[in-house]
Amino acid sequence: MKHLKLMILCDDAESAIKAQNAGIDRVFFDMEYVGKADRQHGRNAVLSKNSIETIPSIRKVLDKSELLVRTNPIGAYTKMEVNKSIAYGADILMLPMVMDQNDAETFVHFVNGRAKVCIMIETAAAMARLDKILAVPGVDELFIGLNDLHISMGLTFMFELLSDGLVEYIADKCNKAGMPFGFGGIARIGEGDLPSDNILGEHVRLGSTSVILSRTFKGVIGVDKNARKIDLAEEVQKVRTRTNEIGRWTDEQHTANRKKIAEAVDVVIGKILSR
């Protein structure tokens, strides 16, 4: 079983050191804002207001966890964002809203081997050009952005991509190409409209190497219905323990898990459409 790297969004040094102390593999600093408000209007999504000038303070407190910085989509500002992020200590740079292999090639050129490159697959165009993106030298890993991808494809619920086999389609191509990949986010163990246990089952089955820990791991009142003061290290360990348990599942257990996901997704879609 591949090691599943856990990532969490942090926007300051305090949250970053808490994440590292809890055993989280990657601190995720998000700068993406260009076009995001329009794409995700009316949805319960995180819109970044982070400044690139915050990166040095986060870098300063990290000595175990990797620092991943998500830039804006390719544009006139990309070279500046890449150069500053690397100068400020980013280990991995993530490019969102990729449309084709040219976007990936441009980003790789700007990074120039100074950090790892993670390309996001979150548009229908990128899915259609997946083989060409996978063939770009200098791309180190992919991440499937379920929220924007389901919007791009005109779907109702982002986990339709998981239940209807589209994540598996991308995963198979990545595995054949030897390209590490991750997808989506999970709530705390035992929670979520689609239970995190079920989603973890697919991460293990498909060979995923990364996942984002959702806002439920912040324990902030008003963010989610089960918000309460939490012990982050304890919640992270629950994810690790459950992932290890799933790693021992039989084929029959994985088949049953996929059925549960399909049923749960259909229930959520029904609720959304009846609003």
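User: What makes strand 6 and strand 7 count as a pair?

Analyst: The bridges between them do. In this predicted model, strand 6 and strand 7 (residues 181–186) run parallel and are joined by 3 bridges. The rule asks for at least two bridges, so 3 bridges make them a pair. If you want a spot to look at, find Leu142 of strand 6: its bridge partner in strand 7 is Phe181.

User: How do you know that strand 5 and strand 6 pair?

Analyst: Same kind of check. Strand 5 (residues 116–121) and strand 6 share 4 bridges in the parallel sense, and the cut-off is at least two, so they pair. Here Leu142 turns up again, with Ile119 standing opposite it.

User: What makes you say that both faces of strand 6 are covered?

Analyst: Look at the residues on each side. Glu141 and Phe143 are on one side of strand 6 (residues 141–144), Leu142 and Ile144 are on the other, and all of them are buried.

User: Which residues of the largest nonpolar core touch the most other members?

Analyst: Ile119, Ile121, Leu142 and Phe183, out of 72 residues in that core. Helix 13 (residues 251–273) gives the most to this core, with 5 residues. Apart from it there's another core of 9 residues, among them Met7, Phe28, Met94 and Cys118.

User: What is Phe183 in contact with, beyond its neighbours in sequence?

Analyst: Quite a list, leaving aside neighbours within four places. It includes Phe143, Ile144 and Leu146, and also Ile199, Glu202, His203 and Leu206. Those last four carry numbers that fall in helix 11 (residues 196–206).

User: Why is helix 11 called mostly covered?

Analyst: Count the buried residues: 10 of its 11 are buried. Among them are Ser196, Ile199, His203 and Leu206. What covers them includes helix 9 (160–163), helix 10 (166–177), strand 7, strand 8 (210–213), helix 12 (232–246) and helix 13. Just after helix 11, Gly207 takes a positive phi of about 85°.

User: How do you know that the buried residues of helix 4 line one face?

Analyst: Start with which ones they are. In helix 4 (residues 78–87), Thr78, Glu81, Val82, Ser85 and Ile86 are buried. Seen down the helix axis, they fall within an arc of 120°, so they line one face. They pack against helix 3 (55–61), strand 3 (66–70), strand 4 (92–95) and helix 5 (101–111).

User: Why is Ala22 called buried?

Analyst: Its relative accessibility is 11%, and buried means under 20%, so Ala22 counts as buried. Ala22 lies in the loop between helix 1 and strand 2. Not counting residues up to four places away in sequence, Ala22 touches Leu232, Ala233 and Val236.

User: What makes Asp25 and Arg240 a polar contact?

Analyst: Their side chains are joined at 3.0 Å, and the limit is within 3.5 Å, so the distance fits. Asp25 sits in the loop between helix 1 (13–21) and strand 2 (26–30). A polar atom of the Asp25 side chain also lies 2.7 Å from the backbone nitrogen of Leu6.

User: Why is the pair of Phe157 and Phe159 called edge-to-face?

Analyst: Check two values. The ring centres are 5.6 Å apart, and pairing needs them within 6.5 Å, so the rings pair. The planes are at 65°, and anything over 60 is edge-to-face, so that's the label. By this rule the count comes to 1 aromatic pair. Both Phe157 and Phe159 are buried.

User: What makes the phi values of Met97 and Asn112 worth pointing out?

Analyst: Most residues other than glycine have a negative phi. Met97 has a positive phi near 50° without being a glycine, and Asn112 has a positive one of about 55°.

User: Which of these is buried or exposed: Met97, Asn112?

Analyst: Met97, in the loop between strand 4 and helix 5, has 16% relative accessibility, which is under 20%, so Met97 is buried. Asn112, in the loop between helix 5 and strand 5, has 58%, which is over 50%, so Asn112 is exposed.

Note on methods:
Residues numbered from 1 in each chain as written. Predicted model: local features only at pLDDT ≥ 70, side-chain atom pairs only at ≥ 80, totals over all residues. Heavy atoms only, no water. Buried < 20%, exposed > 50% of the residue type's maximum accessible area, 1.4 Å probe, protein only. Polar contact = N/O pair within 3.5 Å; in protein donor to acceptor, adjacent residues only side chain to side chain. Arc of directions from axis to C-beta. Contact = heavy atoms within 4.5 Å. Phe/Tyr/Trp six-rings, centres within 6.5 Å; stacked < 30°, edge-to-face > 60°. Core = buried A, V, L, I, M, F, W, Y, C linked by side-chain atoms within 4.5 Å.
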